[in-house]
Amino acid sequence: MPTKDLTRYRNIGIFAHVDAGKTTTTERILALTGKIHKIGEVHDGAATTDFMEQEQERGITIQSAATTCFWKEHQFNVIDTPGHVDFTIEVYRSLKVLDGGIGVFCGSGGVEPQSETNWRYANDSKVARIIYVNKLDRIGANFFKVVEQVKNVLAAQPLVMVLPIGTENDFVGVVDLLTRKAWIWDDSGKPENYEITDVPADMVDQVEEYREQLVELAVEQDEAAIEKYLEGEELSIDELKACIRKGTRELAFFPTYCGSSFKNKGVQLVLDAVVDYLPSPTEVPPQPEIDLEGNPTGGYAYVDPEKPLRALAFKIMDDRFGALTFTRIYSGQLKKGDTILDTATGKTERISRIVEMHANDREEIESAQAGDIVALIGMKNVQTGHTLADPKQPATLEPMVFPDPVISIAVAPKKKGDNEKMGLALSKMVQEDPSFQVETDEESGEVILKGMGELHLDIKVDILKRTHGVEVEVGKPQVAYRESITKVLNDGYVHKKQSGGSGQYAKIDYIVEPGEPGTGFVFESKVTGGNVPREFWPAVQKGFETSIDKGPLAGYPVVDLKVTLTDGGFHPVDSSAIAFEIAAKAAYRQSLPKAGPQLLEPVMKVDVFTPEDYMGDVIGDLNRRRGMIKSQDPTLTGVRVKADVPLSEMFGYIGDLRTMTSGRGQFSMEFSHYAPCPSNVAETVIKEAKERQAAS
């Protein structure tokens, strides 16, 4: 198989806030690279990469679609990610497999709440990015203000590469600072209708000032370039590009462009920047390998088709052709008919078909290699985050870590016979989205859906109905409360059953105490002298550990609990592991109610944008919801209020916010931490839990 020139590959993602024009930008990229002939519009519900009905209807991207296209002899694998906070899991897992990204910001909205979360994820994943300020044709658009916000809000260093010519309705094009040439588009709306001319006379001074800043920042990347610059020599464009490329790869700065995707102005320069400045798969640090227990092996998956196969399944999507497993190949090759090992399940699978995706069309290919992003058809047990490896030389790549859901709803099919159909649909949906969980309540028999927020579950119910044809009744949203204890308690328990036949005997003395926040369950044994033989310690631990799923107050899981076994007693004949496990379970039920149990509730980090006129109402409303206001920052078009608010108070917030702000407010929300509930709230929750238990 001929090896491909990996230096001509770019695996990039496009990510941004809701409505910054991310999908429209992807559409323009596909049009310019000759992938689609008729440009689809998001607001007409016809965008190529938004092919789910729910996406077309709501005008938001829910799934990240992977698409391959070509520009100036380079192959782009583009992943369009969603901007909505409930789907950040999609952004997170896309970043995991990308080498570079385009951060899109709205020219009038600027750096919005969600852009910050995505930017933070990209920083964590060390992904090189270029910035594209879109929608400069909009009223109130201001490129320079957005550049300032990137510095102040994201604490990032923008490297301004172009300047806009005209603003709002008069926005006609951009000046490329490197070449000192103006790109001006006509009013036809066709991306190819532009001419390259000299800089408009009234912009010459501004262009020189910004070019000087660009050169100063760029040359810092290279000793020789600094010397040349300080000696007053003019650096060639190629020398400057080499400096910018190095600085971009090392995240020293982010080349910043602007335009209007909708009006087809400015996108070509962004594509050129992807080629010129974003890294190829060979230029990003190799992925560390771990063994099957999760310990680093010291090995790395190098981007090399000759090395053993290492690939990561980063997304599973079900469509009319069957399950597609989107896979990034880090090293080695994949051929049709190969047998691969899924290191998470320990099972091997045969590759029957490999396809390259062009939004929702596909092209069958015979083989793929390191650096490629492809979809595999017909994988049976592979799930998101699993590593696919060479069965002869297995290793695992770092897995993805997904947050725990904070909200749940009960669902039941409206039609009696739809139970099985619903079960099958839900199991497919869980495979596709690891932040979505389904469980059956053993006591009531209800099916419980768990997710990251109201919108997340709302869309899941919608997918059940439309994609899978299952109509469901939905219960009211339930918050995932937790319980913990506040006191240290010394206690003991004896389990004795010695009447006839083989008896059971176990005696334990122990301390239960609140653990450090975030430690979960910790068990320690300080028994000396063999009063509780060592082989029974795991049984004591298991007894406590299996009990923490149900707390003493309302039956919610207990967090941050430390149990220390201090002493005990045993019987040479009647003691067994089972006896000690039963003793520990009974001890848990006896001691936790005495250790000052308290109810904890999930608190969300809420970020609200409101026009200034409504700020008082918005803050008053957040206070009524038991919110703690953290900050108020003026933005280009209003005020951003950040607050910590209990999740239970945030149901239906979007409707209330729109009413308060005449439809102009926006908000994003993500899980922050658990905090003790006020006693009046705790009483209500405990009472409802007891009523539910009595009813079932």
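**A walk through the model, starting from a ring cluster**

Let's begin with aromatics: Phe105, Trp119 and Phe254 are linked into a cluster by ring pairs. Keep in mind as you look around that this is a predicted model. Trp119 has another partner to look at, since the charged end of Arg129 sits over its ring, 4.3 Å from the centre. A second charge-over-ring arrangement turns up elsewhere in the sequence, where Lys460 lies over the face of Phe436 at 5.2 Å from the ring centre.

How many aromatic pairs does a search of the whole structure find? The count comes to 13. One of them joins two sequence neighbours, Phe143 and Phe144, whose ring centres are 5.4 Å apart with 70° between the planes, an edge-to-face pair. Is Phe143 buried or exposed? Phe143 is buried, with a relative accessible area of 2%. Phe144 has a relative accessible area of 28%, and because the partly exposed class runs from 20% to 50%, Phe144 is partly exposed. Then there is the pair of Trp185 and Tyr194, with ring centres 5.5 Å apart and planes at 45°, so this pair is tilted. The angle settles the label because stacked needs planes under 30 degrees apart and edge-to-face needs over 60. Of these two residues, Trp185 is buried at 3% relative accessible area, while Tyr194 counts as partly exposed at 33%.

Now step back to the chain as a whole. The protein chain holds 16 helices and 38 strands. It has 696 residues, and 54% of them count as buried. If you take the contacts in the chain with a separation of 6 or more, residues 24 or more positions apart account for 72% of them. As for the surface, the chain exposes about 30300 Å², with carbon and sulfur atoms supplying 49% of that area.

Phe254, from the opening cluster, also leads to some backbone worth a look, since strand β11 covers residues 254-258. Leu251 is found in the loop between helix α8 (237-249) and β11. Leu251 is not a glycine, yet it has a positive phi of about 60°. At 26% relative accessibility, Leu251 counts as partly exposed. On the other side of β11, Asn264 lies in the loop between that strand and α9 (267-277). Asn264 is not a glycine either, and its phi is positive too, at about 65°. Which class does Asn264 fall into, buried or exposed? With 6% relative accessibility, Asn264 counts as buried.

Cysteines come next. A disulfide is a covalent bond between the sulfur atoms of two cysteines. How many disulfides does the structure hold? The number is zero. Two of the cysteines can be placed by their accessibility: Cys258 counts as buried at 1%, and Cys677 counts as buried at 12%. Cys677 falls in that class because buried means under 20% relative accessible area.

On to the strands. Three of them, in the order β13-β12-β24, form an open sheet with antiparallel pairing. Which strands lie at the edges? Those are β13 (296-301) and β24 (396-397), each of which pairs on one side only. Strand β12 (residues 287-290) pairs with β13 in the antiparallel sense over three bridges. To find the register between them, start at Gln287, whose bridge partner in β13 is Ala301.

Finally, have a look at strand β27, which spans residues 447-451. Why is β27 described as largely enclosed by the rest of the structure? Four of its five residues are buried, so the description follows from that count. Two strands can be followed from β27. Strand β25 (residues 407-413) is joined to β27 by five bridges, and the two run antiparallel. Strand β26 (residues 437-440) also pairs with β27 in the antiparallel sense, over four bridges. Val447 is a handy residue to click on here. In β27, Val447 is the bridge partner of Val411, and Val447 is also the bridge partner of Thr440.

Terms used: Residues are numbered from 1 along each chain as its sequence is written. This is a predicted model: local features need pLDDT of at least 70, side-chain atom pairs count only at pLDDT 80 or more; totals for chains, interfaces and linings use all residues. Side-chain values use heavy atoms; hydrogens and water are left out. Two strands pair if DSSP finds at least two bridges between them. Rings of Phe, Tyr and Trp (its six-membered ring) pair if their centres lie within 6.5 Å; planes under 30 degrees apart count as stacked, over 60 as edge-to-face and the rest as tilted. Buried means under 20% relative accessible area, exposed over 50%, partly exposed in between (1.4 Å probe, protein chains only). A charge sits over a ring if NZ of Lys or CZ of Arg is within 6 Å of the ring centre and within 35 degrees of the ring normal. A disulfide is a pair of cysteine sulfur atoms within 2.5 Å. Contact means heavy atoms within 4.5 Å. Accessible areas come from the Shrake-Rupley method with a 1.4 Å probe; for residues, only the protein chains shown count as cover.
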